[in-house]
Amino acid sequence: MARGSSSYEEMTNLPGPLRDRLADELPLSTLALERDALASDGTEKALFMTADGKPVEAVLMRYRDGRRSLCLSSQSGCPLTCTFCATGRMKFGRNLTESEIVDQALHFRRIEPVNHAVFMGMGEPLMNLDSVLAACERLPDVGIATSNTAISTVGWIPGIERMAREGPSVRLALSLHAPEESLRTELMPVNERYPLADVLDACRAWHLARKRQVFVEYLMLGGVNDRYEQAVALADLLQPRNAFKVNLIPYNPTGMFEGSSRKAIDAFKAILDTNGVPATVRLTRGRDIEAACGQLAAAPRSRPPRIHVPQPS
Ligand code: SAH
């Protein structure tokens with residue numbers, strides 16, 4: 001399976017009777033493919049259903065340099081309610097199992113070889129860390145090295161602390177998004193429970209234990225978090241410098257905010273650079289099929305139009 005077989009029939013290195021028995025008794029996947037979509041940039045999104053009818057989305061990003069990167073979901077929906085993210089607005093289903101996570105990767109492996117994975121799909125991976133870490137241990141079999149796997153979190157401190165102590169040596173990404181506690185709480189209510197200052201302490205401890213940089217994700221929202229002082233404040237927070245690397249993320253429309261202009265993003269990056277914080281700007285992929293960051297909602301938007309029932313006025 002890890003080498004891309006799409007049926008037991010193809011596994012001719014197994015005895016025939018065993019293949020028949022496997023086909024009868026062991027479904028190839030825990031997920032049923034419901035729909036898939038291909039964006040103009042080659043990004044591919046799949047919508048699956050779990051056996052109990054919970055929607056799950058995953059994305060394959062194809063890059064010119066040959067990188068094949070998967071964006072995996074850890075939960076069906078998400079219990080957190082970040083204001084800018086579409087996933088938080090759908091109904092929360094449940095944590096996914098280890099198999100349901102690995103089966104997302106195997107789906108794309110049946111299409112072509114894959115070599116990177118990020119847990120940036122639906123859900124908060126650190127709220128489902130047992131299954132996420134177990135899945136990360138399987139990904140190398142599928143072709144994705146542990147060092148090419150990243151887990152992204154809102155800053156769920158117990159999970160960050162656990163990742164400092166145990167589990168495979170995967171990368172850690174933090175969705176930071178605002179340098180001030182009050183603004184961050186407004187954008188991401190979870191900040192009330194785990195304030196940014198404590199989250200950054202946990203990230204520094206993870207960095208010391210794992211000897212890797214924390215990737216900081218910073219969504220660029222026009223007039224909200226893209227001002228000069230905020231870039232300076234962000235740079236002040238990210239100490240020691242060598243513990244962090246910043247990735248500025250153009251906002252993908254979810255109907256809530258205006259994204260920062262390209263000029264504002266470049267200016268913000270320049271201020272970080274001047275303050276000794278290296279930053280890159282994330283390439284946006286898959287927007288035309290609502291496969292980009294923050295757009296996964298298994299939403300009716302991408303289904304055929306529903307029949308309009310006139311409401312009594
Ligand atoms: N819950 C985890 C992982 C899923 S989100 C986390 O929050 O990190 C993956 C990334 O997409 C996060 O950095 C998130 O903040 C970002 N994101 C959410 N909504 C977005 C949007 N509308 N445009 C761009 N990025 C978005």
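How much space lies in the largest pocket? The answer is about 820 Å³, in what is a predicted model, where local features need pLDDT of at least 70, side-chain atom pairs count only at pLDDT 80 or more, and totals for chains, interfaces and linings use all residues. Residues are numbered from 1 along each chain as its sequence is written, and side-chain values use heavy atoms, with hydrogens and water left out.

A pocket here is an open set of points, on a 1 Å grid over the protein atoms alone, with protein on both sides within 12 Å along at least five of seven lines; a cavity is a set where a 1.4 Å probe fits but cannot get out, and lining residues have an atom within 4 Å of a point. Points are joined across faces, edges and corners, and a volume is the space filled by probe spheres set on them.

The largest pocket, at about 820 Å³, has 34 lining residues, and Tyr63, Arg67, Val118, Asn247 and Arg282 sit closest to its centre. Strands dominate the talk here: S3 (55-62), S4 (68-71), S5 (116-119), S6, S7 (171-175), S8, S9 and S10 (279-281) each give two or more residues to this lining. Helices (H or I, at least four residues) and strands (E, at least two) are DSSP runs, numbered from the N terminus. Sorted by class, the lining holds 17 nonpolar, 11 polar and 6 charged residues; Ala, Val, Leu, Ile, Met, Phe, Trp, Tyr, Cys and Pro count as nonpolar, Asp, Glu, Lys and Arg as charged, and the others, Gly among them, as polar.

The second largest pocket comes in at about 160 Å³. Its lining is made up of Met1, Ala2, Arg3, Ser5, Met11, Asn13 and Leu14, which split into 4 nonpolar, 2 polar and 1 charged.

As for closed spaces, the count is 1 cavity of 30 Å³ or more. The largest cavity holds about 490 Å³, and the ligand takes up this space; a molecule sits in a cavity or pocket if more than half of its atoms lie within 2 Å of its grid points. Of the 31 residues lining the largest cavity, Phe84, Cys85, Met120, Ser175 and Gly294 are nearest its centre. The split is 17 nonpolar, 11 polar and 3 charged, and S6, S8 and S9 each chip in at least two residues.

Around the ligand itself there are 22 residues, with Ser152, Ser175, His177, Glu217 and Asn252 coming nearest; a residue is near if one of its heavy atoms lies within 4 Å. That shell has 11 nonpolar, 9 polar and 2 charged residues, and S6 (149-153), S8 (214-220) and S9 (244-250) each supply at least two of them.

Several polar contacts (a pair of N or O atoms within 3.5 Å) hook up with the ligand. A polar side-chain atom of His177 lies 2.5 Å from a ligand oxygen, a backbone N or O atom of Thr153 is 3.4 Å from a ligand oxygen, and a polar backbone atom of Asn252 is 2.9 Å from a ligand nitrogen. Taken alone, the ligand exposes 530 Å², and the protein buries 96% of that (Shrake-Rupley method, 1.4 Å probe).

Two backbone oddments round things off. His177, in the loop between S7 and helix H5 (181-187), has a positive phi of about 70° although it is not a glycine. The peptide bond from Gln239 to Pro240 is cis, with omega near -10°, and Pro240 lies in the loop between helix H8 (228-237) and S9.

Technical notes:
Polar contact = N/O pair within 3.5 Å; in protein donor to acceptor, adjacent residues only side chain to side chain.
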